[in-house]
Amino acid sequence: MQAIAKEEVVDVAFPDGTVVRACGLARRDENRIWRTFGLYLDNRWRPDWPAEMIDWEDFGLPRIPHKAARSIRAAFERARNGERVEVGCYGGLGRTGTVLACMATLAGVPAGDAVAWVRAHYHERAVETAEQEAWVCWFATDEADC
């Protein structure tokens, strides 16, 4: 499994070829030119570039699940269409990992395998709670059985 150092930013390449950059706030790349859109799960990011914030408590779930799901799908579609999309929360593991697992299902990873896929391709501690794991399955209910 891949372990990322605190200073690293990781470009996650999904099975369908879509690439999303992921990191925690302390590891963000200050190069604003790189990203064309950000999807952030912690209001401490305060981007001054095109971005959307999801109201999502640390170690928890999105406060408005259906709205969060739409935002994740839209950000993934941007990345699929060639935009440079960044996903991040404060620490870069729980909420970021959960979003990446949801995106993995959009890229063709079976919902029941999405968390393991993200742990193997992003960070071994990604998706920090059982509730976050279950939320990935909820997100993918139209596509797979968990």
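This passage describes the fold, the helix packing, the nonpolar cores and a few individual residues of a predicted model.

The overall layout is a good place to start. The protein chain contains 4 helices and 5 strands. Read from the N terminus, these elements follow the order β-β-β-β-α-β-α-α-α. Of the 146 residues in the chain, 48% are buried. Contacts can also be sorted by how far apart the partners lie in sequence. Among contacts with a separation of 6 or more, 63% join residues that are 24 or more positions apart.

The packing of the helices comes next. Two packed helices are described by the angle between their axes and the distance between the axes. For helix α2 (residues 94–106) and helix α4 (residues 130–139), the axes come within 9 Å and cross at roughly 30°. Angles under 35 degrees count as roughly parallel, so α2 is roughly parallel to α4. The crossing of these two helices is right-handed. On the α2 side, the contact involves Gly94, Arg95, Thr98, Ala101, Cys102, Thr105 and Leu106, and these meet Gln132, Trp135, Val136 and Phe139 of α4. Sorted by character, the residues of this contact comprise 6 nonpolar, 4 polar and 1 charged.

Helix α4 also packs against α1, with an angle of about 70° and axes 11 Å apart. Angles of 65 to 115 degrees count as roughly perpendicular, and therefore α1 is roughly perpendicular to α4. Here α1 contributes Pro65, His66, Ala68, Ala69, Ile72 and Arg73, while α4 contributes Trp135, Trp138 and Phe139. The residues of the contact of α1 with α4 divide into 7 nonpolar, 1 polar and 1 charged. Trp135 and Phe139 of α4 thus appear in the contact with α2 and again in the contact with α1.

One residue of the α2–α4 contact can be followed in detail. Threonine 98 is found in helix α2. Is this residue buried or exposed? Threonine 98 has a relative accessible area of 0%, and it is therefore buried. Setting aside neighbours within four places in sequence, threonine 98 is in contact with Trp56, Leu93, Val127, Gln132, Trp135 and Val136. Gln132, Trp135 and Val136 from this list belong to the α4 side of the helix contact.

The nonpolar interior gives another view of the fold. The largest nonpolar core holds 38 residues, and Phe14, Ile72 and Met103 touch the most other members. At least two residues of this core come from each of β1 (10–13), β2 (19–24), β3 (37–40), α1 (65–80), β5 (85–89), α2, α3 (114–121) and α4. Helix α2 gives the most, with 7 residues. Methionine 103 shows how such a core member is surrounded: not counting residues up to four places away in sequence, it touches Phe14, Val20, Ile72, Ala75, Phe76 and Val87. A second, separate core has 5 residues, including Leu25, Tyr40, Trp45 and Trp49.

Several residues outside the helices and strands complete the picture. Valine 9 is found in the segment before β1. With a relative accessible area of 26%, valine 9 is partly exposed. Its C-alpha atom is separated by 6.1 Å from that of arginine 27, although the two residues are 18 residues apart along the chain. Glutamate 83 lies in the loop between α1 and β5 and is also partly exposed, with a relative accessible area of 28%. The C-alpha atoms of glutamate 83 and valine 19 are separated by 9.0 Å, and these residues are 64 residues apart along the chain. Leaving aside neighbours within four places in sequence, glutamate 83 is in contact with Thr36, Phe37 and Arg78.

Two further loop residues have a positive phi. Arginine 46 lies in the loop between β3 and β4 (51–53), and its phi is near 50°, a positive value in a residue other than glycine. The relative accessible area of arginine 46 is 68%, so this residue is exposed. Phenylalanine 59 is found in the loop between β4 and α1, with a phi near 65°, again positive in a residue other than glycine. Phenylalanine 59 is exposed as well, with a relative accessible area of 52%.

Conventions
Residues are numbered from 1 along each chain as its sequence is written. This is a predicted model: local features need pLDDT of at least 70, side-chain atom pairs count only at pLDDT 80 or more; totals for chains, interfaces and linings use all residues. Side-chain values use heavy atoms; hydrogens and water are left out. Axes are lines fitted to C-alpha atoms, for helices over the stretch in contact, and angles run from 0 to 180 degrees between N-to-C directions. Angles under 35 degrees count as roughly parallel, over 145 as roughly antiparallel, 65 to 115 as roughly perpendicular and the rest as oblique. A crossing is left-handed if the near helix is turned anticlockwise from the far one by less than a right angle, and right-handed if clockwise. Contact means heavy atoms within 4.5 Å. Ala, Val, Leu, Ile, Met, Phe, Trp, Tyr, Cys and Pro count as nonpolar, Asp, Glu, Lys and Arg as charged, and the others, Gly among them, as polar. A nonpolar core is a set of buried Ala, Val, Leu, Ile, Met, Phe, Trp, Tyr and Cys residues joined through side-chain atoms within 4.5 Å. Buried means under 20% relative accessible area, exposed over 50%, partly exposed in between (1.4 Å probe, protein chains only).
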